[in-house]
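Could you walk me through this structure? I would like a picture of one chain as a whole, and then a closer look at a helix or two.

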Amino acid sequence: MTSRCILQTTLLLYFSTMALAMSNDLLRSQLSSSSLECQELLLQLNGTTEYCLKDRINFEIPEEIEKSRQFQKEDIILITHEMFQKIFDIFRRNISRTGWNETTVENLLVKLHWQKEHLEIILEDVKEKENFTWDNRTLLHLKKYYLRIVQYLKAKEYSICAWTIVQAEICRNFFFLNILTDYLQN
Amino acid sequence: MGLARPAAAPDDAPPPGRDAPGAARRRGGTTLKSPQNVEVYIVDDTFILRWNRSNPSIRNVTFSAYYQTLGNDTWLKLPGCQSVANTTCDFSSLKLNVYDKVKLRIRAEEGNNTSPWHNIDSFTLFEKAQIGPPKVHLEAEDKTIIINISLPGARDSVMWALDSSSFTYSLDIWKNSSSGERRTETVYSRDKIYNLSPETTYCLKVKARLLPRKNGIYSPVYCIKTPVANKLPPPENIRLDSKNNIFVLRWDYPYGSVKWGHARPNVTFQAQWLYAYLKKIPGDSSGKWKQIPGCKNVHTTQCVFLQNTFRKGIYLIRVQASDGNTTSVWSKEEKFDAQLQITLLPPVITMKSTNDVSLRVYISAPEESENKPVNQNFPLIYEIVFWENTSNAERKIREKKTDFTFSKLKPLTEYCVKARALIEDDKWNKSSGFSDTVCEKTKPGNTSRTWLIAGICAAIFSIPVVIYVVKLLLRCISYVFFPSSKPPSTIDEYFSEPPLWNLLLLTSEEQTERCFIIENTNTISAVEETNQTDEDHKKYSSQTSQDSGNYSNEDESGGSKFSEELLQQESE
């Protein structure tokens, strides 16, 4: 009897871990392709002009993101959701002075929104789990970082140079996002 | 609570007559206690500090609060909370980064008397902030209510500067008349509520939410009455199906032919789409709806368009009916995710039989078709159905690999297989159709041959063993039943003694032999061991003369040689 019970339990564990692994894979592949598409669109926006070099600023991306320490799966979902949401919030702002192709920016917003919505669905589930402590510190640092970017844009009155600097910074964001996404692989 | 802590002096000069703050002073005989139940209450951009008196008897008690940001050593005055007589103070004028950690402390003061500090652990303004009640503007239309929710807080809110496009709104609606039946919906800031009854008063309230865990305060209850239904009703139950590389949009319109006593002329429909993200951005999106190609002025309750019209993203679709003169209100806006609607194409499967009675299966991706704009790079798993051609028993397995083997099958039997691709996810259970069925026969069994070979080898190895055993047995049997006439080996020794030795021994009497040799041209006389008389010898020798030629015994022949030598010796 016990040997059968053990067999069943082993099978159950095996299949459930397989199931978890599979949905991890799906999320990872979604995030990777979203990130790639967004990066491509970002790069399509007109490049920097020389005289913007003086407007450069160090936005101080949080160390946890830059050094890419290993996070738990739920934290990764929270962090990537926050990043997609904030990047969406940045690019929906006034870009009239940049002369960028509006369709490209539209596509970028569509993709960011799509990924954000998918992460929100997962997040609603993760939220239900009790006994889970969010990594509030990293989230707080991220929010401060994006506030610096938005305040910079406001201060520079959404000039083309300010937007170019921000565009480069967001490209860097996607680089780190890709590294984070890789940690979803068990 | 109420701990006396040595603290750095506040920035400006302390109240006159005081040297070291923080120590409970006995002046006038009373000890002031620090305020109790101090809490920070933040709603949008309003920051409030609340507490309870702990010295109710003493009059003229005022309270002062100070703050300190992390990393800074000095305690600064909290604006709006200096020497307040009430038990609340508003420090909204504090210009601080809402994500920075801050510490607060407060104490009671009465003249020169101060209570110990009451400290509040460090916190960020953002984490303690609650989303305030939103403002809702309502408009009632034909069986729908149009809502317009304005963002909580001021437009240039400091608290929600980054979150203006991240709010979701939760709406509770109920009929004013009946008691129960509350409906809760998640709505955008500019949205509609559908499926309402005409000429009914509905009441609703809204709250804003922010992921992960912020739930806002409910707005006040707003009520409105829906008008009489008189316009053309809108289409209902919009759904989108996908087939190959096209989308089919369908809806219901049960008001087509006859209603209210008069026949309706031909009704046409049109469908429009909008990027869903536009609903999240402040501003009016009503002018941004676009026509779906192939869905304008259609007479049927469906329309068809190519899948590559919509790139990966989330869209909203609405349909409107028109009867020439009037148009209906727009239908409910259906959310649709182009990605979820993709058609998974069935995979291509091939099967080969291998030598050891198994079948190897290869799964490959379906043929690439034109018009495949939607990203199909998902990790797929395959569901394979495997059965014997004659029986109905099917085996279903799920595999991630595209190359695997079914082993331990019956030889010379035909098996069939078909497979389909799956994306398995909690929310997204999508599968392709089944591939073509492929059948293959297994090769003849090698098992009998191997058994034969094994048997032969075993036989070969066992033969010597068997022979040995048989030989042993025969020896045993012959020993028991057919004893040999051989003298025992001990006697044998005598006959095998060398002749020289015997020659020497001839001199002793015991071993001498008396022989009479009768010469005969034809015969050789045999030698006897006996010491018998001559007569006997004569007899014996005549007898032996006949047989002597036939004797072939070893000893006797040895003996005969010996006698020849004797003869030679005596003749000499």
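Of the 572 residues in chain B, 38% count as buried; keep in mind as you read that this is a predicted model. The exposed surface of chain B comes to about 33500 Å², and 51% of that is supplied by carbon and sulfur atoms. Strands dominate the list of elements by number, with 34 strands and six helices in chain B. If you take the contacts in chain B between residues at least 6 apart in sequence, 62% join residues at least 24 apart.

One stretch of chain B deserves a stop on our tour. UniProt, in an unreviewed entry, lists residues 451-474 of chain B as "transmembrane region". In the model this span is 100% helix and 0% strand, and its end C-alpha atoms lie 33 Å apart.

Now let's move to chain A and its helix α5, residues 136-155. The 20 residues of α5(A) reach 28 Å from first C-alpha to last, close to the 28 Å expected at 1.5 Å a residue. Just after the helix comes A:Glu157, with a positive phi near 55°.

Which residues of α5(A) are buried? Among them are A:Leu139, A:Leu142, A:Tyr146, A:Ile149 and A:Leu153. An α-helix has 3.6 residues a turn, so residues three or four places apart point the same way. The buried list also includes A:Thr138, A:Lys143, A:Tyr145 and A:Tyr152.

And what do the buried residues of α5(A) pack against? Within chain A, the partners are α2 (63-66), α3 (73-91) and α6 (160-182). Chain B joins in too, through β8 (118-124) and α1 (125-128).

Definitions and conventions: Residues numbered from 1 in each chain as written. Chains lettered and ligands numbered in written order. Predicted model: local features only at pLDDT ≥ 70, side-chain atom pairs only at ≥ 80, totals over all residues. Heavy atoms only, no water. Helix = DSSP H or I, 4+ residues; strand = E, 2+ residues; numbered from the N terminus. Buried < 20%, exposed > 50% of the residue type's maximum accessible area, 1.4 Å probe, protein only. Contact = heavy atoms within 4.5 Å. Areas by Shrake-Rupley, 256 points an atom, 1.4 Å probe, with all protein chains shown as cover. Expected span 1.5 Å × (residues − 1). UniProt positions renumbered as here; feature names shortened; annotations may be inferred.
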